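Please look through the following structure with attention to how its strands are arranged and how the protein meets the nucleic acid. The explanation below goes from one strand outward to its surroundings.

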Protein chains: 2
Amino acid sequence: MNTLESAREKLVQAGLKATQQRMVILATVQASKAHPSAEHVHESVRVNNPSISLGTVYSTLDTFVEKGLIQMVLAKNGIKRYDGRLDNHNHIHCVNTNEILDFEDLELNELVMDFLRRKKIENLDIRKFSLHIQGEKVDVKKNIKIH
Amino acid sequence: MNTLESAREKLVQAGLKATQQRMVILATVQASKAHPSAEHVHESVRVNNPSISLGTVYSTLDTFVEKGLIQMVLAKNGIKRYDGRLDNHNHIHCVNTNEILDFEDLELNELVMDFLRRKKIENLDIRKFSLHIQGEKVDVKKNIKIH
DNA sequence: TACTTGTCAGGAATTATTCTTAACTAATAA
DNA sequence: TTATTAGTTAAGAATAATTCCTGACAAGTA
């Protein structure tokens, strides 16, 4: 199925007008596994849509996060990066390569949710949680693999 | 015991010259529970040491993080904040007030460490991990309490 | 049609952070 | 002591990510 069409549906569902810019930006973020920054998204969309401005990319990403269409992740240098995945998942931050990897694990989620249920936190409405694992790639050329 | 003197000791132990600026900045971060930003640290130290420049605060905090004397935490707006606590602990980020709270829990640490031991992650040297809990204060005027 | 609202490109403005430079300090060597 | 060196700092300029502003345009409505 066409990713642009799927983006259109999601936009409409979220109550947003499905403009060309929005469809392209949403499809780009959702297709990427690299947790791109706004700048990076701009570079990507520019290839086929050279008129989309950086400002539009910024404000559109903002809107998407607000509407819950994508998530924002912070790199350790403070730069905002975006994640098309919406499920509760965790991230591995690689100190030497600045990579951010998704790390999904149902068991871990259960573990933490169970913990948080027991540990009553008063006066706080928990929205989400995620485990941030910070580490260093042993071999920079190889990928990180989770078993 | 004098916090400045304790700061001096830590600086020397870390192999850094114990200058007035460094002592004051280290003592300030370690005394604060608010996870101050560089700007905020600058405001604090200025009160008694008006000549310390913002640039010095930035580079000194950098040095401290590098030497492991303090930790850096990112607020959800991407601003760098600093934490005098060195033990493995977690953070609660309050979306509506921008507060960052420490959240230490040995049981949780054990839980996660145990999990990570079982889950082999290949080609990654884990440096640290922390659980980020994002939520909204129910009553903004009251504190968050953990039981 | 006229009116309203929302969206966008382009560029200016802002802000956290880093960089540069020259002055200063402390430690060491002559 | 004086000279030398390396390290530290204040001040302000420069940078880079992000936000703001404005006028043009588009779509939807009466």
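**A strand, its sheet and the DNA surface**

Four bridges connect β3(B) with strand β6 (residues 124-137) of chain B, and the two run parallel; strands are DSSP runs of E of at least two residues, helices are runs of H or I of at least four residues, and both are numbered from the N terminus, while two strands count as paired if DSSP finds at least two bridges between them. This is a predicted model, in which local features need pLDDT of at least 70 and side-chain atom pairs count only at pLDDT 80 or more, whereas totals for chains, interfaces and linings use all residues. Residues are numbered from 1 along each chain as its sequence is written, chains are lettered from A and ligands numbered from 1 in the order in which they are written, and side-chain values use heavy atoms, with hydrogens and water left out.

Within this parallel pairing, B:H91 has B:H132 of β6(B) as its bridge partner, and B:C94 has B:G135. Strand β3(B) is also joined by four bridges to β4 (residues 100-103) of chain B, here in antiparallel fashion, with B:I92 standing opposite B:L101. Five residues lie between β3(B) and β4(B) in the hairpin that they form, and B:N98 in its turn has a positive phi of about 65 degrees.

Both faces of β3(B) are covered, since B:N90, B:I92 and B:C94 on one side and B:H91 and B:H93 on the other are all buried, that is, under 20% relative accessible area with a 1.4 Å probe and protein chains only.

The wider sheet is open and has six strands, in the order β4(A)-β3(A)-β6(A)-β6(B)-β3(B)-β4(B), with mixed pairing. Its edge strands are β4 of chain A and β4 of chain B, each of which pairs on one side only. Helix α5 (residues 106-118) of chain B lies across β4 and β6 of chain A together with β3, β4 and β6 of chain B, where contact means heavy atoms within 4.5 Å.

Turning to the nucleic acid, the residues around DNA strand C include A:T19, A:R22, A:T56, B:Y58 and B:K80, a residue being near the strand if one of its heavy atoms lies within 4 Å of it. Of the atoms of DNA strand C within 4 Å of the protein, 85% belong to sugar or phosphate and the rest to bases. A polar side-chain atom of A:R22 lies 2.7 Å from a phosphate oxygen of DNA strand C, and for an N or O atom in the side chain of A:T56 the distance to a phosphate oxygen is 2.4 Å.

Definitions and conventions: A polar contact is a pair of N or O atoms within 3.5 Å; within protein, one must be able to donate a hydrogen and the other to accept it, and residues adjacent in sequence count only if both atoms are side-chain atoms. Buried means under 20% relative accessible area, exposed over 50%, partly exposed in between (1.4 Å probe, protein chains only). Axes are lines fitted to C-alpha atoms, for helices over the stretch in contact, and angles run from 0 to 180 degrees between N-to-C directions.
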